[in-house]
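Reader: I would like a close look at a single part of this model, set in the context of the whole chain. Please take it step by step.

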Amino acid sequence: MADGSESMYNDRPQPIRQLGQVRTNNRVIDANTLEMILSKDENYQRKRLDEFGSFQSQEKN
């Protein structure tokens, strides 16, 4: 029983941390999307889109 309890407390928090990171990442995406929608500066919008594209390229490698 002690081995099972130790495993539960050591192994279970990892998925919870991962879920928290996913939620954080989604909030960043939401904030960036809103920023793009509300920005009236087209040069700024293009710059941000280029940054997002380069980030996606890095993630695929």
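Where does Ser 39 lie?

Author: Ser 39 lies in the loop between α2 and α3, the latter covering residues 42–60. This is a predicted model, and confidence should be read alongside the geometry: the mean pLDDT of the chain is 83, with 82% of its residues at 70 or more. Helix α2 (residues 13–38) has the highest confidence, at a mean of 90, whereas helix α1 (residues 2–11) has the lowest, at 70.

As for the setting of the loop, the chain has three helices and zero strands, and along the sequence they follow the pattern α-α-α. Of the 61 residues, 7% count as buried, and the chain exposes about 5800 Å², of which carbon and sulfur atoms supply 53%.

Ser 39 itself counts as buried, because its relative accessible area is 16%, and the cut-off for that class is under 20%. Once neighbours within four places in sequence are left aside, the residues in contact with Ser 39 are Tyr 44 and Gln 45.

Turning to helix α2, one finds Leu 34 there, and this residue is classed as partly exposed because its relative accessible area is 47%, a value that falls between the limits of 20% and 50%. Leu 34 also belongs to a nonpolar patch on the surface, which it forms with Ile 37 and Leu 38; together the three residues have about 330 Å² of accessible area. To set the two residues side by side, Ser 39 is buried, while Leu 34 is partly exposed.

Note on methods:
Residues numbered from 1 in each chain as written. Predicted model: local features only at pLDDT ≥ 70, side-chain atom pairs only at ≥ 80, totals over all residues. Heavy atoms only, no water. Helix = DSSP H or I, 4+ residues; strand = E, 2+ residues; numbered from the N terminus. Buried < 20%, exposed > 50% of the residue type's maximum accessible area, 1.4 Å probe, protein only. Areas by Shrake-Rupley, 256 points an atom, 1.4 Å probe, with all protein chains shown as cover. pLDDT = per-residue confidence, 0-100. Patch = residues over 30% accessible without salt bridge, like charges linked within 9 Å, V, L, I, M, F, W, Y side chains within 5 Å. Salt bridge = Lys/Arg side-chain N within 4 Å of Asp/Glu carboxyl O. Contact = heavy atoms within 4.5 Å.
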